[in-house]
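User: I should like to learn how to read the packing, the aromatic pairs and the charged pairs of a structure. Please take me through them in turn.

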Amino acid sequence: MKIRSATRADCRAVAELALMAGEGIPAYFWQQSVSPGEEILEVGTRNACSETENFSYRNARALPSSMIVSPA
């Protein structure tokens, strides 16, 4: 099995993993940025697609199936 660098296509999976593993911390911070009608996972996905922030797909690794396995 080959582990690869995550891509922009993996942003939602990165955000989902952060929500599961973050013990409420990502949810707390992302809730501050939710717009009316927006889901918290959308905020996390948007953040994970960042090219400049530390929380980004750029700092994650994934399996070929797009399942995120670990931070870089």
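User: Against which helices do the buried residues of H3 pack?

Analyst: A preliminary remark: this is a predicted model. The buried residues of helix H3 pack against helix H1, residues 11-21, and helix H2, residues 25-31. Helix H3 itself spans residues 40-48, and its buried members are Leu-41, Val-43, Gly-44, Thr-45 and Ala-48.

User: Which residues does Thr-45 contact, leaving aside its neighbours within four places in sequence?

Analyst: With those neighbours set aside, Thr-45 is in contact with Cys-11, Arg-12 and Ala-15. Thr-45 lies in helix H3 and has a relative accessible area of 17%. The limit for a buried residue is under 20%, so Thr-45 is classed as buried.

User: How should the nonpolar cores be read, and which residues make up the largest nonpolar core?

Analyst: The general idea is that, in soluble globular proteins, nonpolar side chains tend to be buried together. In this model the largest nonpolar core has seven residues: Ala-6, Cys-11, Val-14, Ala-48, Cys-49, Tyr-57 and Ala-60. A second core, separate from that one, has five residues, among them Ala-15, Ala-18, Trp-30 and Leu-41. Helix H3 thus appears in both accounts, because its buried residues Ala-48 and Leu-41 are listed in the largest core and in the second core, respectively.

User: How many aromatic pairs does a search of the whole structure find?

Analyst: The search finds two aromatic pairs. Tyr-28 and Phe-29 form an edge-to-face pair, with 5.2 Å from centre to centre and 80° between the planes. Tyr-28 counts as exposed, at 53% relative accessibility, and Phe-29 also counts as exposed, at 51%. Trp-30 and Phe-55 form a tilted pair, at 5.6 Å centre to centre and 50° between the planes.

User: Which parts does the pair of Trp-30 and Phe-55 tie together?

Analyst: Trp-30 belongs to helix H2, whereas Phe-55 is in the loop between H3 and strand E2 (60-62), so the pair ties together parts that are 25 residues apart in sequence. Trp-30 is buried, with a relative accessible area of 7%, while Phe-55 is partly exposed, with 30%.

User: Let us turn to charge. How many salt bridges does the count come to?

Analyst: As a general principle, side chains of opposite charge can pair when their charged atoms come close. Here the count comes to four salt bridges. One of them joins the side chains of Asp-10 and Arg-4, at 2.8 Å from N to O. Asp-10 counts as buried, at 2% relative accessibility, and Arg-4 counts as partly exposed, at 22%. In another, Arg-46 is bridged to Glu-38, with the closest N and O atoms 2.6 Å apart. Arg-46 is partly exposed, at 42% relative accessibility, whereas Glu-38 is buried, with a relative accessible area of 18%.

User: Where do Arg-12 and Glu-16 lie, and by how much of a helical turn are they separated?

Analyst: The general idea concerns helical geometry: an α-helix has 3.6 residues a turn, so residues three or four places apart point the same way. Arg-12 and Glu-16 are four residues apart in helix H1, and therefore about one helical turn separates them. Their side chains meet in a salt bridge, at 3.4 Å from N to O. Arg-12 is partly exposed, with a relative accessible area of 44%, and Glu-16 also counts as partly exposed, at 34%. Arg-12 was named earlier as well, as a contact of Thr-45.

Methods:
Residues are numbered from 1 along each chain as its sequence is written. This is a predicted model: local features need pLDDT of at least 70, side-chain atom pairs count only at pLDDT 80 or more; totals for chains, interfaces and linings use all residues. Side-chain values use heavy atoms; hydrogens and water are left out. A nonpolar core is a set of buried Ala, Val, Leu, Ile, Met, Phe, Trp, Tyr and Cys residues joined through side-chain atoms within 4.5 Å. Buried means under 20% relative accessible area, exposed over 50%, partly exposed in between (1.4 Å probe, protein chains only). Helices (H or I, at least four residues) and strands (E, at least two) are DSSP runs, numbered from the N terminus. Contact means heavy atoms within 4.5 Å. Rings of Phe, Tyr and Trp (its six-membered ring) pair if their centres lie within 6.5 Å; planes under 30 degrees apart count as stacked, over 60 as edge-to-face and the rest as tilted.
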